[in-house]
Amino acid sequence: MLKLDEPVLSDAEAADIRSYLEAQENKTLLRFLTCGSVDDGKSTLIGRLLYDTKLIFEDQLAALEQDSRKHGTAGDDIDFALLVDGLEAERQQGITIDVAYRFFATPKRKFIVADTPGHEQYTRNMATGASTADLAVVLVDARQGILDQTRRHSVIASLLGIRHIVLAVNKIDLVDFDAEVFEGIAADYKAFVKDLGFASVLPIPMSARHGDNVTRASENTPWYSGPSLIEHLETVDIESQPAAQPFRFPVQYVNRPNLDFRGFAGTIASGEIAAGDEVVVAKSGKKTRVKRIVTYNGDIPRASEGEAVTLVLEDEIEVSRGNMLVAPDARPHVADQFAANVVWFGEHPLMPGRMYLLRTETDQANATVSHLKHRVNITNFAQEAAKSLDLNEVGVCNFSLQAPIAMDPFEDNRTTGSFILIDRVTNATVGAGMILHPLRRAANIHWQALDVTKASRAELKHQKPAVLWFTGLSGSGKSTIANLLEKKLHAAGRHTYILDGDNVRHGLNRDLGFTEEDRVENIRRVAEVARLMADAGLVVLVSFISPFRAERRMARDLMAEGEFVEVFVDTPFEECARRDPKGLYARALKGEIKNFTGVDSPYERPERADIHLATSGREPEDLADEVENWLRERGYC
Amino acid sequence: MAQNAGCSSETFRLGRLVGGAGVVLSDHATPKPGVAVCRKVTGMPASLTHLQRLEAESIHIMREVAASFSRPVMLYSIGKDSSVLLHLAMKAFYPAKPPFPFLHVDTTWKFREMIAFRDRMAAELGFDLLVHINEEGVRDGINPFDNGSNVHTHIMKTVALRQALDKYGFDAAFGGARRDEEKSRAKERIFSFRNASHAWDPKNQRPEMWKIYNTRIAEGESIRVFPLSNWTELDIWQYILQENIPIVPLYFAKKRPVVDRGGMTILVDDERMKLQPDEKVEERTVRFRTLGCYPLTGAIESDAQTLEEIVAEMLTARTSERQGRLIDRDEAGSMEKKKREGYF
């Protein structure tokens, strides 16, 4: 065991640096995280580990002592938390906001530790730390026992594929090193996690502040006979799923410096490969062999999981980024519909029907949640019905993608079974997903090829199909302008149709209300109908408030290139409320109508509308002319 | 390229690479096989060593950027971390050259040996080198002696970097920062988002799950990418030793003319350094753990003339490498502040 006053390297070791480094080279790496509720002592524990393994330098220690006096919460003692709480906001508030990575080594292993925040609002940062960890140290304050955050973090750790848990029953000094307290908490925790599928759960009584059972057995806990934290971290066996996994190689980058070389670069997600081995392109099913495995240090005969290599294939076959080279006898699923666990990070809830960008390690596709099956209550695992997932909630969802991806269930492969969800307007990472299984529906419903096409139908009508999407506040004049425009187009011999928000709600969408979830579904249906009508060759005028950018974006993506024309009818709120043609604003402002756009539900203005109609001081006739001219100039009519 | 032939797990060649400063620049094109090149070719698939995992992770990150961004650039600061970054980039895209240019933001106060080394590496490896200097700063005569480290660093480094990124319209920029260097860096993502004015928002970072990186940005925004995030100082040296990577001779101990000033040992690198009345230049055997602008970078007393001796010295050191950097001492949290302003 390491002692404080001993140098990292003895003089003898320093003299024979070569053997020292060779020994370093053979060390294995363990990545773990510390998690648990606020004030359970996570940062203090890491500070203690760094200090006891002498990873703190003198200048850092001097700075730490100075900081402890200024911001510290440990009285005259050194406040170890200040070592890891590196952001100004964290030091001022005395809390951890984001995950910090720290590095230390013992004679047996190297460690990367992620110190993660305990506050519920920063759960996404805890998940970030957990996604790359092999083990989680879950801290509990001995005086508090198991809290909601303890449960939440344990569930997330399990979902993200962590198989080993250390339950650090911390601040044991503050309960007078009472064995019964420790046993009670350990029993509670084991009962809670029995269905979470952990391979090992080890409770340790600990005082991070004073170092009890951190690097060495404490004299204060004679009733505890297990290992100290470091002893356990040094020896725990993390080789959970070794070489037997089938070969998976997500193609990351096609390297083509000249016509004579075409290599597929990527990191082997699982299994191994040798030159001469047969491989299959996951999405096309085409077979070929690996001709060479190219590295900077020369061709190598074989490579395995974790290596970043470049493969050259025998045959010139179509493979691009996002596809996967795989073992012929154990292929991944290729599907555009699947079920997955989702942890939601977005400030804005996950909405079934809304389109997100789904990204795997190298592939991406537009995706919608076709069905939110249930939300998981993290305190008792109950499956609860839900219409959306809020920040930090966990649920099981069915996904529907615009293009198929190659994948494995997450429990078989952490790399090919995971994905993130990205908000297509803000580009924020709003969710993380772990694939459960593909849905067979996708495989059984094929597109029926039809001989009369959109082009031929449009040609017969002598027009170019288009979807004119009028968006704007209630009372802004959308329907009035659309109506005038349709009359003009009709008079010019164009085949048109108007889909009006109010009218559609009397029929197709009469089952929908005005909650955000229902509004998303409302737009999705209308966009699909508009698409069918454009497919029939019509010029479709859609007059819908459609307040959210994400849904207008979804509608645009459903149509062919250049077919979707966003028309922003820009009338100030005050003007709309003054006009109030249906008396709705008066009622909404009195609170009689809920979720009214512009009053208590937001309207997200288009950022780049194709046509921006600033209506103030202009006549509807004039505005309809403007749209008609725009269409004529671009050959729509 | 070195082949595997003759490599076995016993082959562990850590040649004495350096006898004196001039020998450091070994021929990069024909590296001697170090231990990383030697792979077990029979039996069970060996699980990768710590350094092999770090190397693979860094290469993966570089390829991800090359595949996802339209105008990436690699910041090249000439130090040891940049040398490792450059070496990894050569590996990641082999047999092609790295598909992006390298950018050196020259404060005009770098050690002369650094500039010579930079130009030699660019010529030898044939990468595309861009050098940017804040000409307004030069015109205003900004320098670390008269303006102090804060103003000098802000104008000649932070502002200069922003100028260069805007001038070329880079949408992703690699840097060599490591999480073990400094507390705010320990908190930063590998793919670190910057708004249109290059600022970092530490309280609102994107979650970074597994190895799936969110590379989406809007017009004018950019990403800073840190492929060495998970490397430690020891890993860097070990890797330099193992891969025989050329580094600036200033890292090795040698008799050099120095002056003690402000608690640091400063190398008198050119005539622009004016001596105070009580200062005198001494020839002492010193070297540098980290390299920056010469008036702001403290030398350490050392006899370490080989990579092995450097590693041995590092492992017995009781101070951190950034201790030699004046710019980090200005105030607590000063790195975070600089980063929020657009510093790397």
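The following paragraphs lead through two sheets, a contact between chains, a pocket and two backbone details of a predicted model.

The account may begin in chain A, where 6 strands are arranged in an open sheet of mixed pairing, in the order 2-3-1-4-5-6. Its edges are formed by strand 2 (100–105) and strand 6 (200–205) of chain A, each of which pairs on one side only. From one strand to its neighbour the average turn is 25°, direction ignored. Within this sheet, strand 1 (residues 28–36) of chain A runs parallel to strand 3 (residues 109–115) of chain A, and 7 bridges join the two. One of the residues that fix this register is A:T28, whose bridge partner in strand 3 of chain A is A:R109. Helix 3 (residues 42–52) of chain A lies across strand 1, strand 2, strand 3 and strand 4 (135–141) of chain A. Relative to strand 1 of chain A, helix 3 of chain A runs at about 150°.

Helix 2 (residues 17–25) of chain A leads to the other chain, for it packs with helix 7 (residues 307–316) of chain B. The angle between these helices is about 70°, and their axes are 10 Å apart. Angles of 65 to 115 degrees count as roughly perpendicular, and helix 2 of chain A and helix 7 of chain B are therefore roughly perpendicular to each other. Helix 2 of chain A contributes A:I17, A:Y20 and A:L21 to the contact, while helix 7 of chain B contributes B:E308, B:V311, B:A312 and B:L315. By class, the contact residues comprise 6 nonpolar and 1 charged, with no polar residue.

A second open sheet in chain A has 5 strands with parallel pairing, in the order 24-25-23-26-27. Strand 24 (496–500) and strand 27 (611–614) of chain A each have a single partner strand, so one side of each is left without a neighbour in the sheet. The twist from one strand to the next averages 15°. Strand 23 (residues 466–471) of chain A pairs with strand 25 (residues 539–543) of chain A in the parallel sense over 5 bridges, and A:L468 stands opposite A:L541 of strand 25.

Two helices of chain A lie across strands of this sheet. Helix 16 of chain A crosses strand 23 and strand 26 (564–570) of chain A, at about 150° to strand 26. Helix 19 (residues 620–633) of chain A lies across strand 23, strand 26 and strand 27 of chain A, and runs at about 165° to strand 27.

Helix 16 (549–558) of chain A also takes part in the lining of the second largest pocket. Rolling a probe the size of a water molecule over the atoms shows where empty space is left. The second largest pocket holds about 1300 Å³ of space. Of its 45 lining residues, A:D423, A:R424, A:V425, A:T426 and A:N427 lie nearest the centre. Helix 16 of chain A provides the largest share of the lining, 5 residues. Strand 22 (429–438) of chain A and strand 5 (191–194) of chain B each supply at least two residues. The lining divides into 17 nonpolar, 9 polar and 19 charged residues.

Two details of the backbone remain. Most residues other than glycine have a negative phi, and most peptide bonds are trans. A:H462, in the loop between helix 12 (454–460) and strand 23 of chain A, has a positive phi near 55°. In chain B, a cis peptide bond with omega of about 5° joins B:Y94 and B:P95. B:P95 is found in the loop between helix 2 (80–92) and strand 2 (102–105) of chain B.

Notes. Residues numbered from 1 in each chain as written. Chains lettered and ligands numbered in written order. Predicted model: local features only at pLDDT ≥ 70, side-chain atom pairs only at ≥ 80, totals over all residues. Heavy atoms only, no water. Pairing = 2+ DSSP bridges. Helix = DSSP H or I, 4+ residues; strand = E, 2+ residues; numbered from the N terminus. Axes fitted to C-alpha atoms, helices over the stretch in contact; angles between N-to-C directions. Contact = heavy atoms within 4.5 Å. Parallel < 35°, antiparallel > 145°, perpendicular 65-115°, else oblique. Nonpolar A, V, L, I, M, F, W, Y, C, P; charged D, E, K, R; others polar. 1 Å grid on protein atoms, 1.4 Å probe; cavity = no way out; pocket = protein on both sides within 12 Å on 5 of 7 lines; lining within 4 Å. Points joined across faces, edges and corners; volume = space filled by probe spheres on them.
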